[in-house]
Amino acid sequence: MLAMTYLGPSRVKAVQKPEPRLEHPNDVVLRVTRAAICGSDLHLYHGLIPDTRVGSTFGHEFVGVVEEVGSSVQTLKRGDRIAVPFNISCGSCFFCDRELYANCENTNPSAPVASGVYGYSHTTGGFDGGQAEFVRVPFADIGPMKIPDDMSDEDVLFLTDIFPTGYQAAEMGSIAPGDTVVVFGSGPVGLFAAKSAWLMGAGRVIVVDNQEYRLEKARQFSGSETINFDEVDDIVKEIIRETDGRGADVCIDAVGCEASGSMMQKFTGVVMKMQAGAATAIGWCIQSVRKAGHVSIVGVYGPPWNFIPIGVAMNKGITMRMNQCNVKRYMPHLLEHVRQGRVDPKAIITHRLPLEEVHEGYEIFARKKDNCIKTVLVPPSARV
Ligand SMILES: NC(=O)c1ccc[n+]([C@@H]2O[C@H](COP(=O)([O-])OP(=O)(O)OC[C@H]3O[C@@H](n4cnc5c(N)ncnc54)[C@H](O)[C@@H]3O)[C@@H](O)[C@H]2O)c1
Ligand SMILES: [Zn+2]
Ligand SMILES: [Zn+2]
């Protein structure tokens with residue numbers, strides 16, 4: 001089959017690989033019909049995630065049609081259309097019982113921090129991902145959600161990751177009615193965080209980035225105010241000035257470890273790798289939130305540690321929450337938001353490319369070429 005393959009930093013290609021097989025009675029093999037490229041894939045692509053092996057296939061946002069079914073699978077049959085959360089979770093451990101699917105302790109024996117994730121290095125279990133014609137889906141009775149007949153693949157594709165992630169980011173901010181919420185990052189995750197902040201009763205939502213075309217999208221898609229951090233002297237002072245000198249009630253980091261905006265952070269985190277990426281956005285969140293406010297982090301940082309101003313956070317009495325998204329927990333609820341027309345996730349797609357052109361897809365998304373916000377890959381069988 002054709003599958004995206006990692007060849008080393010900034011080098012990926014669609015090549016022929018053996019098709020995945022059922023390896024366990026609770027697996028299904030899925031024929032992929034749509035797979036997206038996520039901001040998290042860029043961290044892999046840029047060689048920032050440990051143990052990203054040459055030859056592996058990325059892709060943790062995908063939907064498709066069940067092709068083969070393991071003998072103990074109860075809930076799926078051949079031909080079912082399903083959306084698959086990016087977390088691989090067992091459904092029955094201490095963490096899954098608490099709906100903390102991202103922290104499942106049975107699907108990633110290689111690390112104590114996170115569950116298995118499709119296509120996300122051997123640090124999260126070494127599972128091949130869905131930027132391919134076929135993908136193996138373990139614990140198939142647990143994660144996947146059937147796609148309603150009246151909904152298209154692209155209506156639900158982002159329920160596998162970025163919409164729930166943005167929603168969880170807003171939820172972890174404990175937004176009270178009327179709160180001012182600042183979202184750092186106007187990428188796909190930031191856009192859904194901003195949209196979700198309104199759904200939770202925010203009074204004001206301000207999105208911060210330095211890519212004007214993405215800020216334009218934030219104004220249009222989420223109806224938020226925006227600030228271009230390159231156009232102000234000091235983004236922290238600007239937010240404090242905008243919020244009666246007190247600071248925002250809630251700040252969300254939807255940027256992660258490749259942040260711009262601080263030479264020191266970029267040099268130590270991205271160039272020298274003395275810390276796990278540039279923690280610029282976390283620092284800005286902590287500095288621009290009000291005392292006793294909430295900071296929510298969904299931007300990805302790798303272990304082991306980063307330079308962040310914890311003393312400022314402590315003395316301000318900030319509540320900080322963070323996690324990988326527990327996708328499955330949010331899928332049914334967010335499906336209703338899509339069905340009711342309150343959110344149209346596919347509206348953020350700017351590029352659709354054949355799987356064969358995956359190298360081009362990464363290049364366009366990583367370099368923000370051609371006003372790219374979100375790229376979707378279409379395998380050959382989904383084009384006939
Ligand atoms: N926690 C989770 O479960 C989860 C799920 C999906 C994605 N993520 C992470 O969320 C982050 C965002 O994902 P995305 O797909 O939107 O990525 P993206 O790379 O498309 O978007 C990031 C945006 O941040 C902007 N930016 C850079 N530095 C900034 C700064 N200092 N302040 C404000 N904006 C800045 C960039 O210009 C870009 O528009 C990534 O780190 C990704 O790995 C986490
Ligand atoms: Zn992702
Ligand atoms: Zn579990």
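How far apart should the end C-alpha atoms of helix 11 be, given its 13 residues at 1.5 Å a residue? In this predicted model, helix 11 comprises residues 327-339, and its expected span of 18 Å agrees with the 18 Å that separates its end C-alpha atoms. The expectation is 18 Å because the span is taken as 1.5 Å times one less than the number of residues.

Helix 11 nevertheless contains a kink of about 35°, the centre of which lies at histidine 333. Its buried residues are Val327, Lys328, Arg329, Tyr330 and Leu334, and the elements that cover these residues include strand 6, formed by residues 87-88, and helix 4, formed by residues 162-172. Just after helix 11, the backbone at glycine 341 adopts a positive phi of about 80°.

A further element of the model is an open sheet, in which 6 strands are arranged in the order 12-11-10-13-14-15 with parallel pairing. The edges of this sheet are occupied by strand 12, residues 225-228, and strand 15, residues 319-322, each of which pairs on one side only. On average, and with direction ignored, neighbouring strands of the sheet are turned by 20° against each other.

At the edge formed by strand 12, the pairing partner is strand 11, which comprises residues 204-209, and the two strands are joined in the parallel sense over 4 bridges. Within this part of the sheet, aspartate 209 is placed opposite asparagine 228 of strand 12.

Note on methods: Residues numbered from 1 in each chain as written. Chains lettered and ligands numbered in written order. Predicted model: local features only at pLDDT ≥ 70, side-chain atom pairs only at ≥ 80, totals over all residues. Bend = angle between axes of the 7 residues up to and from the residue. Buried ≥ 20, exposed ≤ 12 C-beta atoms within 10 Å, placed from the backbone. Contact = placed C-beta atoms within 7 Å. Pairing = 2+ DSSP bridges. Axes fitted to C-alpha atoms, helices over the stretch in contact; angles between N-to-C directions.
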